Amino acid sequence: MKKIIKISICLIIILTLTALIPLSSLADSKPTYVFAIDAGHGGSDPGAIGIDGRYEANDTIRVANIVTALLKGQGQKVYSPSRAVGPKYRAYEVNEKNVDFFLSIHRDSNKSSSANGFTVYTHDPTHEVRKHKKPDGSNYEYMPNEYSNKHTLDDKMSSLLVQEISAACPSLKSKGRYFGSAAAPTYEDYYINGISNMPSCIVELGFVSNANDNAIFDNNVVNLSVAITKALLKTAGLPVGDDLLSGMRFLEYGEGDWFYNAAEFVIAKKYITGYSSGYFGPTNTIQRQDFALVLARIDGADLSAYNH
């Protein structure tokens, strides 16, 4: 009898504890995928140099850092290809990993400063099977290892990227999506899409050679990154809530930025607290009153009567 009572008490405790588990935590269980997020160029390759002297590689890492943080915040896994090698070898690298989706982030450039807008590229399934040279000189034929759902999801991903970016940043002109490359049929595919086995896309987030595109990019880095993240999650069939930015702050920079340690230091010391919108504004010009405020905080001055 005592044994039955003990078992009953244990069952009651288990049922009580189960009831205390929030239903939201059960609903939040979802598949986990691996997303390869490539920050175009980098290392010794600055990419295109903009009309204002900016490096494409610096812009791409800004977006890649935010998208990485947002995906991880949704419980997904992220693989970051090496920036020490070119796009061909990044595609080889990603093929060797257990990656489900591959996105390479870039910015465009043109001799004409009037060229503008964003573009999405993906693989053209009508292209012939081609062989590429691996780093050791041997041939690498991608088709035999191609994911069975690559072309279907290429189409879905590229369409969603155009849709989400257009909705999040209507001031950035959409040039649509291309199957293959801008130079097709001379060059059938960019390496990222032509070699990768998994669903993949390249997104060109406006022209560094266009002043207006640069301004739009700088003012919408987080918006563009959220749009890209939504497109990737939807491509994978994952739920997308309105809480992507929940608990996120200062997403414009990450460990790849040269000022990362300094920024983390001044934030930890509360010398700089960022904007009320949640932006840190690392590329913004500091105003005199803001600089005076930072100096006052460093000095430990009483700012209780200061209305900023």
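The axes of helix 3 (residues 56-73) and helix 8 (residues 221-235) come within 9 Å of each other and cross at roughly 50 degrees. Axes here are lines fitted to C-alpha atoms, for helices over the stretch in contact, with angles running from 0 to 180 degrees between N-to-C directions. Helices (H or I, at least four residues) and strands (E, at least two) are DSSP runs, numbered from the N terminus. The crossing angle makes helix 3 oblique to helix 8; angles under 35 degrees count as roughly parallel, over 145 as roughly antiparallel, 65 to 115 as roughly perpendicular and the rest as oblique.

The model is predicted: local features need pLDDT of at least 70, side-chain atom pairs count only at pLDDT 80 or more, and totals for chains, interfaces and linings use all residues. Residues are numbered from 1 along each chain as its sequence is written, and side-chain values use heavy atoms, with hydrogens and water left out.

In the first helix pair, R62, V63, I66, V67, L70 and L71 of helix 3 meet V221, V222, S225, V226, I228, T229, L232 and L233 of helix 8, where contact means heavy atoms within 4.5 Å. The residues of this contact divide into 11 nonpolar, two polar and one charged. In this grouping Ala, Val, Leu, Ile, Met, Phe, Trp, Tyr, Cys and Pro count as nonpolar, Asp, Glu, Lys and Arg as charged, and the others, Gly among them, as polar.

Helix 8 also packs against helix 5 (residues 150-168). The axes of helix 5 and helix 8 come within 8 Å and cross at roughly 150 degrees, which means that helix 5 is roughly antiparallel to helix 8. On the helix 5 side, the contact is made by L153, K156, M157, L160, L161, E164, I165 and A168; on the helix 8 side, by N223, L224, A227, I228, K230, A231, L232, K234 and T235. These residues divide into 11 nonpolar, two polar and four charged.

R62 of helix 3, part of the contact with helix 8, also takes part in salt bridges. A salt bridge is a side-chain nitrogen of Lys or Arg within 4 Å of a carboxyl oxygen of Asp or Glu. R62 forms one with D59, the closest N and O atoms being 3.7 Å apart. The two residues are three apart in helix 3, so about one helical turn separates them. R62 counts as buried because its relative accessibility is 8%, and D59 is likewise buried, at 4%; buried means under 20% relative accessible area, exposed over 50%, and partly exposed in between (1.4 Å probe, protein chains only).

R62 is also bridged to D218, with the closest N and O atoms 3.2 Å apart. This pair links distant parts of the chain, D218 lying in helix 7 (residues 211-219) and R62 in helix 3, 156 residues apart. D218 counts as partly exposed, with 27% relative accessibility. D52, R54, D59, R62, R107 and D218 are linked in a network of salt bridges.

Within helix 5, the side chains of K150 and D154 meet in a salt bridge (3.4 Å, N to O). Being four residues apart, K150 and D154 are separated by about one helical turn. K150 is buried at 0% relative accessibility, and D154 is buried at 1%.

For the structure as a whole, the salt bridges number 10. The protein comes to 10 helices and eight strands, and buried residues make up 42% of its 308 residues.
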